Amino acid sequence: MSWWVTKVRQTWRHVFGRVSERERAGLAAWLDQPQLTLFESMHRADQRHGLDVAMALRADGRDDPELLHAALFHDCSKGPQTRLPHRVAWSLGERYGEGVLSVFAPLPGFGAAFERLRHHAHESARLALEAGASERTAELIRHQAEPVDAVAGLALKVADEAS
């Protein structure tokens, strides 16, 4: 699938994505309270995305709880302050280079959002650990862009990019 098609789909999900009560009930049965609190603290779009990544992994036959936790929490530190315009600009910068980011960085809120996005993997790993996730889950999150685990890490990256 083309990069643009994926980004349009992600934008659509960011604006219109929801987490159903049935999905929340399923999470309540699967996560402990600190993990559920972390999930609830996430931006709605990141909740939806985490669930979509976990579902993609499950559809691929992966049922490793640490990998599924990494799927849920890999973007947990982006926060509600990182809004859609920040995310679009960041994606364009990743695709077309730092020059794009330098155009947007001086605008109010963009510099701070770019810093959150730049460091979100490490910060998300830290938050997941604080919520009781395993060190392996944190490592999968920390290395989501460049997996060191050739099996689970690569599966997370592929599912993330496809969702």
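This is a short chat about rings, burial, a pocket and a core in a predicted model.

User: Before we start, what are the ground rules for this model?

Analyst: It's a predicted model, where local features need pLDDT of at least 70 and side-chain atom pairs count only at pLDDT 80 or more, while totals for chains, interfaces and linings use all residues. Residues are numbered from 1 along each chain as its sequence is written, and side-chain values use heavy atoms, with hydrogens and water left out.

User: What makes two rings an aromatic pair, and how many pairs are there?

Analyst: Rings of Phe, Tyr and Trp (its six-membered ring) pair if their centres lie within 6.5 Å; planes under 30 degrees apart are stacked, over 60 edge-to-face, and the rest tilted. That rule gives six aromatic pairs.

User: Why is the pair Trp3 and Tyr96 called edge-to-face?

Analyst: The centres are 6.1 Å apart and the planes stand at 80 degrees, so Trp3 and Tyr96 make an edge-to-face pair. This pair joins distant parts of the chain, 93 residues apart: Trp3 sits in helix α1 (residues 3-16) and Tyr96 in helix α6 (residues 84-96). Helices here are DSSP runs (H or I, at least four residues), numbered from the N terminus.

User: And what makes Phe104 and Phe110 stacked?

Analyst: Their centres are 5.7 Å apart and their planes at 25 degrees, so that pair counts as stacked. Phe104 and Phe110 also belong to one aromatic cluster with Trp90 and Phe114.

User: Why is Phe110 called buried, but Phe104 partly exposed?

Analyst: Buried means under 20% relative accessible area, exposed over 50%, and partly exposed in between (1.4 Å probe, protein chains only). Phe110 has 10%, so buried it is; Phe104 has 27%, so partly exposed fits. Tyr96, at 49%, is partly exposed too.

User: How do you know that Arg58 lies over the face of Trp30?

Analyst: A charge sits over a ring if NZ of Lys or CZ of Arg is within 6 Å of the ring centre and within 35 degrees of the ring normal. Arg58 lies over the face of Trp30 at 5.3 Å from the ring centre.

User: Which helix residues with polar or charged names come out buried? Take Asp46 and His14.

Analyst: Asp46 has a relative accessible area of 3%, so buried is the call, and its place is helix α4. His14 is at 11%, so again buried, and lies in helix α1. Asp46 is 33 residues from Arg13 in sequence, yet their C-alpha atoms are 9.6 Å apart.

User: What makes the group around Leu27 and Phe39 a nonpolar core?

Analyst: Such a core is a set of buried Ala, Val, Leu, Ile, Met, Phe, Trp, Tyr and Cys residues joined through side-chain atoms within 4.5 Å. The largest one has 29 residues, and Leu27 and Phe39 are among those touching the most other members, as are Leu31, Leu57, Leu72, Phe73 and Leu156. Helix α5 (65-73) gives the most to this core, with six residues.

User: How is the lining of the largest pocket split by class?

Analyst: There are eleven nonpolar, eleven polar and 16 charged residues. Nonpolar means Ala, Val, Leu, Ile, Met, Phe, Trp, Tyr, Cys and Pro, charged means Asp, Glu, Lys and Arg, and the others, Gly among them, are polar. A pocket is an open set of points on a 1 Å grid over the protein atoms alone, where a 1.4 Å probe fits, with protein on both sides within 12 Å along at least five of seven lines; lining residues have an atom within 4 Å of a point. Helix α1 gives the most to that lining, with nine residues.

Methods:
Helix = DSSP H or I, 4+ residues; strand = E, 2+ residues; numbered from the N terminus.
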